[in-house]
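User: Hi! Could you walk me through a helix and a sheet in this one?
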Amino acid sequence: MNTYGKNFRFSIFGESHGYCIGCTIDGLPAGFAPDFDFVSRELKRRSPGAYIGSTSRRERDEYKVISGMYNGRTTGMPLTVIFPNNDVDSSPYINNIARPGHADFAAYRKYHGYNDPRGGGAFSGRLTAALVFAGAIAKQLLSKCGIEVISHVASIGNITDSKFDPVMKEIPDLDPAFPLVDNSLRSEFDAMLTSVREARDSIGGTVEAAAVNIPVGVGEPYFRGFESCLASILYSIPGVHGVEFGAGFAFSGMRGSEANDQYLYGGNTSTNNSGGINGGISNGMPIIFRVAFRPVPTVFTEQSMLDLETSEPILAAAKGRHDACILPRGCVIVECATAICIYDLLLQTKLN
């Protein structure tokens, strides 16, 4: 399904090269006046062109709110926004070839060939513009509660940034265009992206994110647990193939005496291996997690593809306009997906 959430519901629609993409947000409070300048700044962080290796597709991400607003404030009814697709070149995609690493083959079989294959159709990262719009709204609602979501490029290939302080007593000041904890590494990241682009290849990376000032008790046991709800929306981001909270997979090599977060006065802990969550419920510490993005599957060297009509493999090079790496554009997408999840869970907590 294309809808996420229980009390703050987010539905997404459109295809990469169709007339438009967009979303409908249900559960907004009546009378809220969104800061659309902030929304535009968040969308600019998602837009390509600010760093080496980004796609040459230049959508302006101009949007139009077509319902749910009156005199600059939300009405309490569902808010719908559309983003026209203007910079579209569909010529490389009007064929019956399934590209490796893409959803082409699976979607062709699932939808019996009626899916829109242009630019990846509904499976394209283009649709994350709508997710960022909804997340930017959620961020503003969370800020009223003192909650902030931040992220940085944790790694690209074998280059690794410093980690966030897991107990995060102060929120670091990050460059929104290319957020790094250690800004001295920027030249290394740029050199890596340049070499990958020149090789007509792509590369993966990770984002580390944090949500701070989350009150104790947000989240429900089992299937509405904080981790399960957050992971489900994070995995909906195109290219995400891994999510870990706190110490994550490093837990598997620890002893319990090392892994446990021991308490200080008032309920805080001296460490944050649990990533701010116990039993699916926030424990008052910062929510810390990391997201792994696979390399963008479109590479401009010959690979074995599949003719969907004959089921025969063919050797060909991909065409089109694509990123060499989704980072740092992926940072704001992760943040906005997180904000949508947290606001939905926060409403559930208040309703209880």
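Analyst: Happy to! One term up front: a residue is called buried if its relative accessible area is under 20%. Also keep in mind that this is a predicted model.

User: Cool. Which residues of H5 are buried?
Analyst: In helix H5 (residues 226-234), the buried residues are Phe226, Cys229, Leu230, Ala231, Ile233 and Leu234.

User: And what do they pack against?
Analyst: They pack against H7 and several strands, including strand E1 (3-4), strand E12 (240-245) and strand E15 (287-293).

User: How do H5 and H7 cross?
Analyst: The axes of H5 and helix H7 (residues 329-351) come within 9 Å and cross at roughly 140 degrees. The two helices are therefore oblique to each other, and their crossing is right-handed.

User: Which residues make that contact?
Analyst: H5 brings Phe226, Cys229, Leu230, Ile233 and Leu234. From H7 come Val334, Ala337, Thr338, Ile340, Cys341, Ile342 and Leu345.

User: What's the mix by class?
Analyst: The contact of H5 with H7 has eleven nonpolar residues, one polar and no charged ones.

User: OK, switching to the sheet. What order do the strands E8, E16 and E17 have?
Analyst: The order is E8-E16-E17, in an open sheet of three strands with antiparallel pairing. Strand E8 (97-98) and strand E17 (313-317) are the edge strands, each pairing on one side only.

User: How many bridges join E8 to E16?
Analyst: Two bridges join E8 to strand E16 (residues 302-307). As an example, Ile97 has Asp307 in E16 as its bridge partner.

Definitions and conventions: Residues are numbered from 1 along each chain as its sequence is written. This is a predicted model: local features need pLDDT of at least 70, side-chain atom pairs count only at pLDDT 80 or more; totals for chains, interfaces and linings use all residues. Side-chain values use heavy atoms; hydrogens and water are left out. Two strands pair if DSSP finds at least two bridges between them. Helices (H or I, at least four residues) and strands (E, at least two) are DSSP runs, numbered from the N terminus. Axes are lines fitted to C-alpha atoms, for helices over the stretch in contact, and angles run from 0 to 180 degrees between N-to-C directions. Angles under 35 degrees count as roughly parallel, over 145 as roughly antiparallel, 65 to 115 as roughly perpendicular and the rest as oblique. A crossing is left-handed if the near helix is turned anticlockwise from the far one by less than a right angle, and right-handed if clockwise. Contact means heavy atoms within 4.5 Å. Ala, Val, Leu, Ile, Met, Phe, Trp, Tyr, Cys and Pro count as nonpolar, Asp, Glu, Lys and Arg as charged, and the others, Gly among them, as polar. Buried means under 20% relative accessible area, exposed over 50%, partly exposed in between (1.4 Å probe, protein chains only).
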